[in-house]
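Visitor: Hi! Could you walk me through this one? I'd like to go topic by topic.

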Amino acid sequence: SWGFTWVPWFFMLSGFVLTHARLSSKSPSAVDPIAVALLKRTSTVYPTYAFGLVLEAAIRVRQGQRLPPTWVLLHQVSLTQAWNPFVTELSMNLHCWFLSAILAFWILFNPVYA
């Protein structure tokens with residue numbers, strides 16, 4: 001009955017881990033530019049995510065199913081599908097919406113931390 005609370009807890013835990021890692025580093029006051037910080041975060045997740053998108057697209061094409069519209073695919077490729085409520089239900093890999101949501105937290109982490 002409390003399953004819906006796990007995503008916010010995960011986001012809070014992620015923020016705690018990022019803050020703890022930053023405070024425990026050699027120079028805790030150093031802040032990476034947003035692009036560098038975002039690259040560090042997404043480089044561990046995005047390759048697997050992209051592989052899943054390509055795999056699902058290939059399976060849909062093979063089965064004769066239609067792919068989502070191009071504008072929806074662009075949202076998915078850029079990890080912004082949860083930022084637009086009209087995209088989430090049309091996209092492939094519905095369960096990956098949380099990556100789009102956590103991207104906003106990753107973008108905001110350094111400015112808030114500084």
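Visitor: Which element has the lowest mean pLDDT, and which the highest?

Guide: Among the elements, α1 has the lowest mean pLDDT, 83, and helix α3 (residues 70–77) has the highest, 94. Here pLDDT is the predictor's confidence in each residue, from 0 to 100. This is a predicted model, where local features need pLDDT of at least 70, side-chain atom pairs count only at pLDDT 80 or more, and totals for chains, interfaces and linings use all residues. Residues are numbered from 1 along each chain as its sequence is written, and side-chain values use heavy atoms, with hydrogens and water left out.

Visitor: And what is the average pLDDT of the protein?

Guide: The average is 88, and 98% of the residues score at least 70.

Visitor: Good. How many helices and strands are there?

Guide: There are five helices and zero strands, so the order from the N terminus is α-α-α-α-α. Helices (H or I, at least four residues) and strands (E, at least two) are DSSP runs, numbered from the N terminus. The C-alpha trace spans about 55 × 35 × 20 Å along its principal axes.

Visitor: What share of the residues is buried?

Guide: Of the 114 residues, 29% count as buried. Buried means under 20% relative accessible area, exposed over 50%, and partly exposed in between (1.4 Å probe, protein chains only).

Visitor: What about the accessible surface, how much of it belongs to carbon and sulfur atoms?

Guide: Carbon and sulfur atoms account for 72% of an accessible surface of about 8,000 Å². Those areas come from the Shrake-Rupley method with a 1.4 Å probe, and for residues only the protein chains shown count as cover.

Visitor: Let's go inside. Which residues touch the most other members of the largest nonpolar core?

Guide: Tyr49, Leu79, Leu99 and Trp106 do, in a core of 14 residues. The elements giving two or more residues to this core are α1 (6–23), α2 (34–62) and α5 (97–113). The most comes from α5, with six residues. A nonpolar core is a set of buried Ala, Val, Leu, Ile, Met, Phe, Trp, Tyr and Cys residues joined through side-chain atoms within 4.5 Å.

Visitor: Pick Tyr49. What does Tyr49 touch?

Guide: Not counting residues up to four places away in sequence, Tyr49 touches Gln76, Leu79, Gln81, Asn93, Cys96 and Leu99. Contact means heavy atoms within 4.5 Å.

Visitor: Gln76 caught my eye. Is Gln76 buried or exposed?

Guide: Gln76 is buried, at 1% relative accessibility, and its place is in helix α3. Leaving aside neighbours within four places in sequence, Gln76 is in contact with Tyr49, Leu53, Gln81, Ser91, Met92 and Asn93.

Visitor: Any backbone oddities? What is the phi of Leu79?

Guide: Leu79 has a positive phi of about 55°, although it is not a glycine. Most residues other than glycine have a negative phi. Leu79 is in the loop between α3 and α4 (85–88) and is buried at 6% relative accessibility. Asn93, another residue other than glycine, also has a positive phi, near 50°. Asn93 is in the loop between α4 and α5 and is buried, with a relative accessible area of 12%.

Visitor: On to electrostatics. How many salt bridges does the structure hold?

Guide: Two, with a salt bridge being a side-chain nitrogen of Lys or Arg within 4 Å of a carboxyl oxygen of Asp or Glu. Asp32 pairs with Lys40, the closest N and O atoms being 2.6 Å apart. Asp32 is partly exposed at 25% relative accessibility, and Lys40 is partly exposed at 43%. Arg60 and Glu56 also meet in a salt bridge, at 3.2 Å, N to O.

Visitor: How far apart are Arg60 and Glu56 in helix α2?

Guide: They are four residues apart, so about one helical turn separates them. Arg60 counts as buried, at 18% relative accessibility.

Visitor: Last topic, the outside. Which residues make the nonpolar surface patch?

Guide: Trp6, Trp9 and Met12 make a nonpolar patch of about 430 Å². Patches are made of residues with over 30% relative accessible area and no salt bridge; like charges are joined within 9 Å, and nonpolar side chains (Val, Leu, Ile, Met, Phe, Trp, Tyr) within 5 Å. Trp6 is in helix α1 and is exposed, with a relative accessible area of 60%.
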